[in-house]
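Please read this note with the structure open beside you, and go through the points one at a time. Each term is explained where it is used.

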Amino acid sequence: LLQAFIFDLDGVITESAEYHYLAWKALAEELGITFDRAFNEELKGVSRMESLEKILVLGGRQDEFTPEQKASLAAKKNDHYGTLIQQITPADILPGIAPLLAEIRSRNLKLGLASVSRNAFTVMASLGLKDEFDVIVDAAEIKRGKPDPEIFLTAAQLLGVEPSACIGVEDAVVGVEAIKGAGMFAVGIGSEETLAKADLVYAHTGLLSYAEIVEKFDQA
Ligand code: BG6
Ligand code: MG
């Protein structure tokens, strides 16, 4: 029986995934490394330092920096990202999300957030959603990032529900893998091809249907 929904944040609840992309792209260009949106798919859901590492590997520059220099590159990206997210207001909640959250609430189901972003609390506060969720699990509370299921399992545990009674919502390939690894039903936001491991995929949040999701969950 369905008891909870656990959402990813960036790219699902709000378009902050675009701000991550822009901030990484600016840093990469300073380093003479160019990347496109296809490569950016590999950064979605991936922690700050791991993302930097992937970008440096892409540019063949992974051995050129000391750990301290890498930390300052990551800090530079985060400063830029911090400036970009200052513009976030409740108006930036993506289409379809507010009605879905209301529907979930009206059924007395639990709500969890599973984001590896260290900016998750700031973004949730700016969206006016911080107190709408029963639990927010971020990078500070986990040892292993997505695709490890730890973050979704931790959220379920804190909500006091079994993983099999949860639906996870994600836009990242590694995020969908984490949801499936946790033994949950996975709803993907994005392309069906990219998120092939999800149980149900919507091209964008505006298409999310509570009724359809629950129907598919019940059939699974
Ligand atoms: C994830 C994003 O939610 O958080 C990634 O999808 C990002 O793109 C990661 O790298 C870490 O975020 P932050 O805010 O801690 O740098
Ligand atoms: Mg995401």
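1. The note begins in the sheet, where β2 and β3 pair in the parallel sense over three bridges, and Ala114 of β2 has Val137 of β3 as its bridge partner. The chain travels from β2 through helix α6 (residues 120-127) to β3, and this β-α-β crossover is right-handed. A crossover is called right-handed if, with the strands pointing away from the viewer, the path from the first strand over the helix to the second runs clockwise. Helices (H or I, at least four residues) and strands (E, at least two) are DSSP runs, numbered from the N terminus, and two strands pair if DSSP finds at least two bridges between them.

2. Before going further, please note that this is a predicted model, in which local features need pLDDT of at least 70 and side-chain atom pairs count only at pLDDT 80 or more, while totals for chains, interfaces and linings use all residues. Residues are numbered from 1 along each chain as its sequence is written, and chains are lettered from A and ligands numbered from 1 in the order in which they are written.

3. Strand β1 (4-7) is joined to β2 by four bridges, with the two strands running parallel, and β1 also pairs with β4 in the parallel sense over four bridges. Particular partners can be found by eye: Ala4 stands opposite Lys110 in β2, Ile6 has Gly112 in β2 as its bridge partner, and Phe5 is matched with Ile167 in β4.

4. Are the faces of β1 covered or uncovered? Both are covered, since Ala4 and Ile6 on one side and Phe5 and Phe7 on the other are all buried, where buried means that 20 or more other C-beta atoms lie within 10 Å of the residue's own, exposed means 12 or fewer, and partly exposed lies in between, with C-beta atoms placed from the backbone. Strand β2 is largely enclosed by the rest of the structure, because four of its five residues are buried.

5. In helix α7 (residues 150-159), the buried residues are Ile151, Phe152, Leu153, Ala155, Ala156 and Leu159. An α-helix has 3.6 residues a turn, so residues three or four places apart point the same way. The cover over the buried residues of α7 includes β1, β2 (110-114), β3 (135-137), β4 (166-170) and α8 (173-181).

6. Which residues lie closest to ligand 1? Of the 19 residues that surround ligand 1, the closest are Asp10, Arg48, Ser117, Arg118 and Asn119, and a residue is near a molecule if its C-beta atom, placed from the backbone, lies within 6 Å of it. Helices α1 (16-30) and α3 (48-58) each supply at least two residues of this shell.

7. The UniProt record, an unreviewed entry, carries the annotation "binding site" for Asp8, Asp10, Glu170 and Asp171. These residues are spread over 164 residues of sequence but cluster in space, with a largest C-alpha distance of 8.8 Å. The reader should bear in mind that such annotations may be inferred rather than shown by experiment.

8. Asp8 lies in the loop between β1 and α1 and is buried, because 29 other C-beta atoms lie within 10 Å. Asp10 is found in the loop between β1 and α1 and counts as buried because it has 25 C-beta neighbours inside 10 Å. Leaving aside neighbours within four places in sequence, Asp8 is in contact (C-beta atoms, placed from the backbone, within 7 Å) with residues including Ala114, Glu170 and Asp171, whereas the contacts of Asp10 include Ser16, His20 and Ser117.

9. Gly45 sits in the loop between α2 (37-40) and α3. The C-alpha atoms of Gly45 and Gly145 are separated by 8.3 Å, although these residues are 100 residues apart along the chain.

10. A last point concerns the backbone, for most residues other than glycine have a negative phi, and most peptide bonds are trans. Asn108, which is not a glycine, has a positive phi of about 60°, and Asn108 is found in the loop between α5 (97-106) and β2. The peptide bond from Lys146 to Pro147 is cis, with omega near 15°, and Pro147 belongs to the loop between β3 and α7.

Definitions and conventions:
Contact = placed C-beta atoms within 7 Å.
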